[in-house]
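Subject: Structure handover

Hello,

Here is the structure I promised to pass on. Please open it beside this message; my notes follow below.

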Amino acid sequence: MTLTWTTKAFPDLTLPELYTLLQLRSEVFVVEQACAFQDLDGQDQAAYHLLGHTETGELAAYTRLFAAGISYPEASIGRVVVSPKFRRYGLGRELLRQSIAAIEHLFGPQPIQIGAQLYLREFYESFGFRQLGEGYLEDGIPHIHMVRP
């Protein structure tokens, strides 16, 4: 499956794009993971938003990208999500490749830090991320900090 990738600053998102990305985040992070948390955390305005659309225009994959000093001292990738409808096509790997490339394009080559769900450690390690410190609970879900030098 081939997606069309677009990176937009918050003010450049259309209302339908914003609604769709928030709907996907809620579908996965709140409903699917049964985790009541404040997704609208005030950081979307400082982020770039990477959207992967199918040929029919459906949002299949999404991340938000930050310059160094906003979420972490390093640049960062967050809200990594593939729509349940489009899983098992390898889109998670492509999403992370596109996210790393977008960070390098926007901010130049530099370290990237993430807060990853623990069960995805090996996935992120396959992209060069390494665990930093001990694990922690975020909204009741085990997480770890990881950095890609």
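Is E104 buried, partly exposed or exposed? Its relative accessible area is 34%, so E104 counts as partly exposed. Before going further, please note that this is a predicted model. The values below are all computed from it.

E104 and its surroundings

E104 sits in helix α2. Leaving out residues up to four places away in sequence, E104 touches P109 and R148. Two C-alpha distances help to place E104. L13 is 91 residues away from E104 in sequence and 21 Å away in space. L132 is 28 residues away from E104 in sequence, and their C-alpha atoms are 21 Å apart.

L132 belongs to strand β6. Its relative accessibility is 35%, so L132 is partly exposed. Beyond residues up to four places away in sequence, L132 touches Q113, H145, M146 and V147.

The domain record

UniProt lists residues 8–149 as "domain: N-acetyltransferase", in an unreviewed entry. In the model, 28% of that span is helix and 33% is strand. The C-alpha atoms at its two ends lie 25 Å apart.

The largest pocket

How much space lies in the largest pocket? About 1,100 Å³. The lining of this pocket has 41 residues. Nearest its centre are F29, V80, Q117, L120 and Y124.

Many elements take part in the lining. At least two residues each come from α1 (15–32), β3 (59–66), β4 (75–82), α2 (91–107), β5 (112–117), α3 (121–125), β6 (130–138) and β7 (141–148). β4 gives the most, with 7 residues. By class, the lining has 21 nonpolar, 11 polar and 9 charged residues.

One residue near the pocket centre also appears in another contact list. Q117, among the residues nearest the centre, is in contact with I141. I141 lies in strand β7. Leaving aside neighbours within four places in sequence, the other contacts of I141 are Q33, C35 and Y136. The C-alpha atoms of I141 and L118 are 8.2 Å apart, with their positions 23 residues apart along the chain.

The nonpolar cores

In soluble globular proteins, nonpolar side chains tend to be buried together. Here, the largest nonpolar core has 24 residues. Those with the most contacts inside it are I77, L96, I100, I114, Y124, F129 and M146. β3, β4, α2, β5 and β7 each supply at least two residues of this core. The largest share comes from α2, with 6 residues.

What does L96 touch, apart from its neighbours within four places in sequence? I77, F123, Y124, F127 and F129 are in contact with L96. Of these, I77, Y124 and F129 are also among the residues with the most contacts inside the core.

There is also a second, separate core. This second core has 9 residues, including L24, F29, L51 and Y62. F29 is also one of the residues nearest the centre of the largest pocket. Y124 is another residue near that centre, and Y124 is in the largest core.

Positive phi angles

Most residues other than glycine have a negative phi. Two residues here deserve a look on that score.

R88 has a phi near 75°. The loop between β4 and α2 holds R88. At 86% relative accessibility, over the 50% cut-off, R88 counts as exposed.

D139 has a phi of about 55°, also positive, and is not a glycine. D139 is found in the loop between β6 and β7. Its relative accessible area is 45%, so D139 is partly exposed.

P73

Where is P73? In the loop between β3 and β4. P73 has a relative accessible area of 67%, so it is exposed. Not counting residues up to four places away in sequence, P73 touches A68 and Q113. Q113 also touches L132. H105 is 32 residues from P73 along the chain, and their C-alpha atoms are separated by 18 Å.

That is what I have. Over to you.

Best wishes

Terms used: Residues are numbered from 1 along each chain as its sequence is written. This is a predicted model: local features need pLDDT of at least 70, side-chain atom pairs count only at pLDDT 80 or more; totals for chains, interfaces and linings use all residues. Side-chain values use heavy atoms; hydrogens and water are left out. On a 1 Å grid over the protein atoms alone, a cavity is a set of points where a 1.4 Å probe fits but cannot get out, and a pocket is an open set with protein on both sides within 12 Å along at least five of seven lines; lining residues have an atom within 4 Å of a point. Grid points are joined across faces, edges and corners, and a volume is the space filled by probe spheres set on the points. Helices (H or I, at least four residues) and strands (E, at least two) are DSSP runs, numbered from the N terminus. Ala, Val, Leu, Ile, Met, Phe, Trp, Tyr, Cys and Pro count as nonpolar, Asp, Glu, Lys and Arg as charged, and the others, Gly among them, as polar. UniProt positions are given in the numbering used here, feature names are shortened, and annotations may be inferred rather than shown by experiment. Buried means under 20% relative accessible area, exposed over 50%, partly exposed in between (1.4 Å probe, protein chains only). A nonpolar core is a set of buried Ala, Val, Leu, Ile, Met, Phe, Trp, Tyr and Cys residues joined through side-chain atoms within 4.5 Å. Contact means heavy atoms within 4.5 Å.
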